[in-house]
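Q: Could you take me through this model feature by feature, giving the general idea and then the case at hand?

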Amino acid sequence: MNGSRTKTQAGANLPALRHHNAALVLDLLRAAGAEGISRLELAEGTGLTPQAVSKITARLREDGLAAGAGLRPSTGGKPRTVLRLVPDAQFAVGLHLDRDGLTAVLVDLAGRPVAVTRAPLDLGAPADRVLADAADAVRDLCAAEPHKPVLGVGVAVPGPLDHRDGVLRRVTGFPQWDGYPLRAALAERTGLPVTLDKDTNAAALAVALALDEPRGDFAYLHLGTGLGAGLVLGGEVHRGARTGAGEFGHQTLQLDGPLCGCGGRGCIEALCLAAEARGDRAEAARVLGAGAANLVGLLGIDRVVLGGRTVAADEDAYVRGVRAVIEERAARGGAGTGVTVTVARGGDRPVAEGAAHLVLAPVFGRVGERVGGARG
């Protein structure tokens, strides 16, 4: 563990904020990993008093969320006791409901997947059938750790949707879902708390937590059965005032282009998928690059991360194509100089993992899924 620790959001020494302060401590325990962290370092990192940290860590140990990790030599006095998170004390489920498949993952408190299942799914089927498939996947995963509590279920689906109210909007290609209260319906089926978000936002959260560099602004572009963006701006997943930001695939590049599932013409999504369908991957990558270059110029981001099963089929081709268009734009005096283009490994897997992180985020004090704090 790095001895120079950036102080997290300052803790508050008020009884009413006990959960908030415990969450700050838990986040530093998670970031420290198996090596652990001392109470003094926890106090320095949270801004809490050593006495407050001692009380919080005692409660966490009683609850089985923290444990001793040995002793660390001290510059003076007796050795310091080091504490660590107990990752398998609790779990969270992440679901990715795609247009043609369902991926479910069970993760521990450290965010590590301990079980993954995949199955076909028809998002165009009646809602009851889709819900039954989703609830079955949750039950199967919970059975993998039957004696450990599951905190909840994070669900990632194609947008647009209302993240706050847990309601789907007019999902591209599946207008019958418009207004459907998916969060409440799945919570009733499973008996667990449910969080709903767009697939691209969930993946962006997973990508942000996995980055080694300090968090900066970036766009995650997901090309699978559709195309969308997850934006991390100012250290938080950006959803916008109506929580529907990131409908990247439906910006028009060609006014008289092919018809898109959204009802428009010449959308980036339609152009990309049409190029892929005819075997012209280079053209698909350039179209994606044109959209990425627009985002770079509009938002001033310095990183673009590509993901999704279509990108996974030929990562190098997509990175080259996207990077080439961004660099061409920069050479003409536009934004794009020094922009990094990378790939999130695993195809669609980061979506399900990110969905599980939607459940874990409040446990570690990440209100709004802020991702700029310490990490493991």
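Q: How much area do domain 1 and domain 2 bury between them?

A: Buried area is the accessible area, taken with a 1.4 Å probe, that two parts lose on being put together, summed over both; here domain 1 and domain 2 bury about 690 Å² between them, with 67% of it on carbon and sulfur atoms. On the side of domain 1 that touches domain 2, the largest share, 5 residues, comes from α1. This is a predicted model, in which local features need pLDDT of at least 70 and side-chain atom pairs count only at pLDDT 80 or more, while totals for chains, interfaces and linings use all residues. Residues are numbered from 1 along each chain as its sequence is written, and side-chain values use heavy atoms, with hydrogens and water left out.

Q: Where do the domains lie in the sequence?

A: Domain bounds come from an automatic or database domain assignment, and for this protein it gives domain 1 (14–85), domain 2 (89–202 + 353–371) and domain 3 (213–349). The contact, meaning heavy atoms within 4.5 Å, takes 8 residues from domain 1 and 9 residues from domain 2. The centres of domain 1 and domain 2, taken over C-alpha atoms, are separated by 31 Å.

Q: How many salt bridges does the rule find across the interface of domain 1 and domain 2?

A: A salt bridge requires a side-chain nitrogen of Lys or Arg within 4 Å of a carboxyl oxygen of Asp or Glu, and across the interface of domain 1 and domain 2 the rule finds 0.

Q: Which residues of helix α2 are buried?

A: Helices are DSSP runs of H or I with at least four residues, strands are runs of E with at least two, and both are numbered from the N terminus; buried means under 20% relative accessible area, exposed over 50%, and partly exposed in between, with a 1.4 Å probe and protein chains only. In α2 (residues 39–46), the buried residues are Glu41, Leu42, Ala43, Gly45 and Thr46, and the buried residues of this helix pack against α1 (18–32), β1 (37–38), α3 (50–62) and β2 (66–72). Just after α2, glycine 47 takes a positive phi of about 85°.

Q: Why is cysteine 260 not bonded to cysteine 262?

A: A disulfide is a pair of cysteine sulfur atoms within 2.5 Å; the sulfur of cysteine 260 is 3.7 Å from the closest cysteine sulfur, in cysteine 262, and that is too far for a bond. The structure holds 0 disulfides.
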